Amino acid sequence: MIVVKVLHNTSIDIDFNKLIELLDGLLSSLDFESVVELFKLSSIVEALNSPNENLQILALKVSSKADPPDIISNTEIVPKVVHLLATKESSIKVVNEVEKALGVLVRGELIRRRLFSDSVISVLSDMKSSKDTTLKTRLLDLVVQILPFVKEDELPDGLYLFSDFTTDNDILYTLSLIQFYTQIIEIVDSTLNKQWLLQKVLPEVQLIGKLYFERHDNPDVEYFALTDISLFFKKLSFVSPESFEAIDQSFIKLTHNDNFLLSSINPSYLAI
C-alpha cells in the first residue's frame, strides 16, 4: 500500500499521526478478512519488528482488529507485541497502542494461552524483576487489563503479587502499586467469580495497611500517598468489609478523630 510506504519514509514532511488516524478510520469499516488482504499477517510481524515507530503503531492497530482475536493466536504477533512493551526505548505512543491492542486481544482464550506461554511469561517476569520502574509500571497496566478475563491459576501469581512497596525508593512507583491494587479491588467488585483474586492479594492488602501505619516514618508516603491509600481503603471497605476490618484492627485503628478516612469508609462498616 502507498500509505505503508509513506509511513516507512520518516523524511517526508507530513503529520504521521493524522495519516495513521485516517488509516485507522478506513480499517474500522473493514472486516478482518479484508484487512489481512491489505496487510498480510507476515507483514504485521515484520512491521512490529521494524525500528520505525509509525509502522509499529500501524501494525498494532491492525492487530487489534482481529475478529475473533484468536485468529492470530498461532502467529508471532503476541510475543512481538509483548516485546515492544518490554523494550524500555518504546515510545509512550507505542506503549499506549500496545496496551490498547492487548486489551482487545486478551478476550480470546487462545490469545491468553499464547500470552501465558513460557516464553512470554519469561519476558513479563523479567519486567517485574527489572530495576526499571517504568517497565514495572507497564507490567502493572497490562496485568490490570488481563485480570478481568483470566480464570483462577491461569495467570502466574507472581505477576500481580508485589511484596515490597518502597524498595525502589520511588514514590511514583509506590503510588502505581497502590493504584494497581485499588484497581484489583474494583475488578473483584465488577467481575463475576473473582473472589479468588481478593484472597490471593490479601497479603498485599495487609502491606498497604502497614504502609499507612508506618507513614510517619516515610515522609513521601505521608505527603504524597495518603489520598491514594484512603481511596484503596474506601474501595476495600465496600467490597470486602471483613478484609477491611482486619487491616483496621491491625494498622488503621479508626477513631472518631480520623475525619479524613471516616468521610469515605463504608457507612455500614462504621455502624457495626
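Here is a walk through this structure, from one bent helix to the core and its rings. Keep in mind that this is a predicted model.

Let's start with helix 14, which runs over residues 219-239. With 21 residues at 1.5 Å a residue, helix 14 should span 30 Å, and its end C-alpha atoms turn out to be 29 Å apart, so the two figures agree. That said, helix 14 does have a bend, of about 70 degrees, at A225. A225 is also on the list of buried residues in this helix, along with V221, D228, I229, S230, F232, F233, L236 and S237. So what covers them? The cover includes helix 11 (171-190), helix 12 (195-200) and helix 13 (202-213), and also helix 15 (241-252) and helix 16 (259-262).

That brings us to the core. In soluble globular proteins, nonpolar side chains tend to be buried together. Here the largest nonpolar core has 83 residues, and Y181 and F233 are the ones with the most contacts inside it. Helix 11 gives this core its largest share, 11 residues. F233 takes us back to helix 14, where it is one of the buried residues.

Now zoom in on Y181. If you leave aside its neighbours within four places in sequence, Y181 touches Y160, L161, F162, F165, V201, E204, I208 and F232. F232 is another buried residue of helix 14. Y181 also has a ring partner right beside it in the numbering: F180 and Y181 make an edge-to-face pair, with 4.9 Å from centre to centre and 75 degrees between the planes. Both F180 and Y181 are buried.

How many aromatic pairs are there in total? The count comes to eight. Ring pairs also tie Y212, F232, F233, F244 and Y269 together as a cluster, and F232 and F233 in that cluster are the helix 14 residues we met above.

Some rings have a charge for company too. The charged end of R215 sits over the ring of Y212, 4.0 Å from its centre, and Y212 is a member of the ring cluster. Likewise, K128 puts its charged end over the ring of F162, 4.7 Å from the ring centre. F162 is one of the residues in contact with Y181.

One last stop is I57, which you'll find in helix 5 (residues 53-63). Is I57 buried or exposed? Its relative accessible area is 5%, under the 20% cut-off, so I57 counts as buried. Measuring across from C-alpha to C-alpha, I57 and G103 are 15 Å apart in space and 46 residues apart in sequence.

Technical notes
Residues are numbered from 1 along each chain as its sequence is written. This is a predicted model: local features need pLDDT of at least 70, side-chain atom pairs count only at pLDDT 80 or more; totals for chains, interfaces and linings use all residues. Side-chain values use heavy atoms; hydrogens and water are left out. Helices (H or I, at least four residues) and strands (E, at least two) are DSSP runs, numbered from the N terminus. The expected span of a helix is 1.5 Å times one less than its number of residues. The bend at a residue is the angle between axes fitted to the seven residues ending there and the seven starting there. Buried means under 20% relative accessible area, exposed over 50%, partly exposed in between (1.4 Å probe, protein chains only). Contact means heavy atoms within 4.5 Å. A nonpolar core is a set of buried Ala, Val, Leu, Ile, Met, Phe, Trp, Tyr and Cys residues joined through side-chain atoms within 4.5 Å. Rings of Phe, Tyr and Trp (its six-membered ring) pair if their centres lie within 6.5 Å; planes under 30 degrees apart count as stacked, over 60 as edge-to-face and the rest as tilted. A charge sits over a ring if NZ of Lys or CZ of Arg is within 6 Å of the ring centre and within 35 degrees of the ring normal.
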